[in-house]
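Open the model in your viewer and keep the selection tool ready. Each stop says what to pick and what is there.

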Amino acid sequence: MKNKAMTRRDFIKAASVAPLAGAFIPALKGQPTQAAAEKVKVVLIRDKDALDAFGTPNADVIQRMLDEAVTTLLGEKDPVKAWKTIIRPEDTVGIKTNTWKYIPTTTQVEQAIMRRVLDAGVPEGRISIDDRGVLTNPIFKNATAFVNARPARAHHWSGMGSLIKNYIMFTANPSAWHGDTCADLAKIWDLPHVKGRTRLNVLVMLTPLFHAIGPQNYSKEYVWEYKGLIVSRDPVAADATGLRVIEARRREFFGEDKPMQPTPHHIFLADTRHHLGVSGEDRIELVKLGWTDGVLI
Amino acid sequence: MAARPTDQGRALASFIPAEFTGWTIEEDQVFDAETIFKYVDGTGEVYRSYNMKSLFARRFAAKGKPVLVVDLFDMGTSADAFGLFTHDLDGEDAATGQGSTYKGGLLSFWKGRYFASVYAEDETPETKQAVLGIARKIDEAIRETGEKPALVSMLPPEGLQTKDIRFFHNHSVLNYHFFVADENILQLDQTTAVVLASYGDKDVRSRLLVVRYSGVAKAEAALDSFVKAYMPDAKGAGIVQTEDGNWTAARRKDCLVIIVFQAPSREFAEDQLRWIETRIGK
């Protein structure tokens, strides 16, 4: 690939997502700046046995992957002890899942999370798993803690179906958040019934969709068995890492740099505009565990 | 959700076969621009961007075989049916309707004011034949044909990448195909008609953007906004050499704003502007 000079389109694009790039173009001054901070930990774990021959998640393997990821993330050897550092017995816990028909969060991931929330001492009656009913679900309405779990996938309007986007069901009118291809989804995380409640984010990378086509937004041709989970306290860092994997897969599949369309800028704006988390690779401490074949990043 | 017995739904349903080589109707649904989110979540914004009127969705099932899905849109105008088709041009030509593509189990085509998508949830040689067969049945049933938007016929032919012509209305779709700026500096909305075309090969690719506004005053304001934000260093000349050595030029004529991005030379940019200007009103 030949070296290309950075154009004003590149500058403008960078200025929209990177704090300092706007300084290059007078018309774009005034972008927020962000002080350097400690790196955010993200754990990527993969297991070649995560799926069976039919593509169904292996529940035991998924539980083991989640446990290893969470203990590594939280620096606690025992998974139950690790979960107890983020979930208290007195919590009311909503596990925000995603039920998209082609690639859901999966029951196996939901149940692995459920088990550890129970182990942390929360009674079953104060735990619920839900997606589209979160606004009316009494457990979610009274939740003191959320665990956010959803699959990563290419998306025709937001660029990527992300952990950040998974909270759109916490709004009464989701389509009101579609402006500028979902640029400001991170603001949802500031809503009173959401803010500060998320204890863990699990980006499911078992069978990501790396390219979206047609009204159904799906084709098996553009799904691959990555057999991974990305786990972090920071949804933006987890999404940015998942995006790197998907973009790498696109390069591998298409044989050229084929950026996501539209650009999933809501992930970067969640960092630079809304300060929900960090998106820059240089700000993320990525810990990779398990199966390394085809890890891509 | 059962299909509502609306006239629009019935009209669209009449174009779709009720059975095809063993596949029969599993479910029919009808949506409009407000309810489409119940069917395809946020992806519905793509169809709303092209002013969709209604969608008839039919699922076909056959024992032991993958589900087939037909999504047939009434877009209201042939310009918007064509525009929606140009939103995703990847794939092989399927020789259906007035333009078609096939890839990954999905066949899309436009004809008249209709845009159709026929999709197999699992692609096999048998489902590919069924997808092609159903699409052709729909194509035959739709008797009307339509014109491409007039802006498309104004494009300079020399060097034009004919498989990379997009027609749309708004800022989000512009950035989908060719990022210009996060802010809507061209003041595009659902009333603007936009054509974006590519010229040259992959390594030296310029873009020609032609926008038709609803009036001269709007076009003037949009050009002013664009120049201030994107090429303030042009200092009123309407053309500037950018950081990568290419040229960007912008001009208004009547209610059109014409912009050339990444032109390899000043002459190329100016020729393209002139070509469009000479075709206004023809």
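In which hand, left or right, does α2(A) cross α4(A)? Keep in mind that this is a predicted model. Select helix α2, residues 59-74 of chain A, and helix α4, residues 107-119 of chain A. α2(A) passes α4(A) in a right-handed crossing.

**Stop 1: the helix pair in chain A**

Two packed helices are described by the angle between their axes and the distance between the axes. Here the angle is about 55 degrees, and the axes of α2(A) and α4(A) lie 9 Å apart. The angle falls outside the parallel, antiparallel and perpendicular ranges, so α2(A) and α4(A) are oblique to each other. Now show side chains. From α2(A), pick A:A59, A:I62, A:Q63 and A:L66. They meet A:Q108, A:V109, A:Q111, A:A112, A:I113 and A:R115 of α4(A). By class, this contact has six nonpolar residues, three polar and one charged.

**Stop 2: chain A as a whole**

Select chain A and colour by secondary structure. You will find eight helices and eight strands. Chain A has 297 residues, and 49% of them count as buried. Turn to its contacts between residues at least 6 apart in sequence: 70% of these join residues at least 24 apart.

**Stop 3: two backbone details in chain A**

Go to the loop between α7 (235-254) and α8 (265-272) of chain A, where A:P262 sits. The peptide bond joining A:Q261 and A:P262 is cis, with omega about -10 degrees.

Next, move to the segment after β8 (284-290) of chain A and select A:L296. Its phi is positive, about 75 degrees, although A:L296 is not a glycine. Is A:L296 buried or partly exposed? A:L296 has 15 C-beta neighbours inside 10 Å; being buried takes 20 or more, so A:L296 counts as partly exposed.

**Stop 4: where the chains touch**

Show both chains. The contact takes 33 residues from chain A and 33 residues from chain B. On the chain A side, α1 (8-17) and α6 (179-182) each supply at least two residues. α1(A) gives the largest share of that side, five residues. That side of chain A has 12 nonpolar, 14 polar and seven charged residues.

**Stop 5: chain B as a whole**

Hide chain A. Chain B holds nine helices and 13 strands. Its radius of gyration is 21 Å, close to the 19 Å that the globule rule gives for 282 residues, so chain B is as compact as a globular protein of that length. The C-alpha trace of chain B spans about 65 × 35 × 35 Å along its principal axes. Of the 282 residues of chain B, 49% count as buried. Among the contacts of chain B with a separation of 6 or more, 58% come from residues 24 or more positions apart.

**Stop 6: two loops in chain B**

Select B:A95, in the loop between α4 (78-86) and β5 (100-103) of chain B. B:A95 is not a glycine, yet its phi is positive, near 50 degrees. B:A95 has 13 other C-beta atoms within 10 Å and is partly exposed.

Finish at B:R205, in the loop between β9 (193-199) and β10 (206-212) of chain B. With 16 other C-beta atoms within 10 Å, B:R205 is partly exposed. Which residues does B:R205 contact, leaving aside its neighbours within four places in sequence? Select B:S198, B:Y199, B:G200 and B:Q262. Then add B:F261: the C-alpha atoms of B:R205 and B:F261 are 9.0 Å apart, with their positions 56 residues apart along the chain.

Terms used
Residues numbered from 1 in each chain as written. Chains lettered and ligands numbered in written order. Predicted model: local features only at pLDDT ≥ 70, side-chain atom pairs only at ≥ 80, totals over all residues. Helix = DSSP H or I, 4+ residues; strand = E, 2+ residues; numbered from the N terminus. Rg over C-alpha atoms; globule rule 2.2 N^0.38 Å. Buried ≥ 20, exposed ≤ 12 C-beta atoms within 10 Å, placed from the backbone. Contact = placed C-beta atoms within 7 Å. Nonpolar A, V, L, I, M, F, W, Y, C, P; charged D, E, K, R; others polar. Axes fitted to C-alpha atoms, helices over the stretch in contact; angles between N-to-C directions. Parallel < 35°, antiparallel > 145°, perpendicular 65-115°, else oblique. Left-handed = near helix turned anticlockwise from the far one by under 90°.
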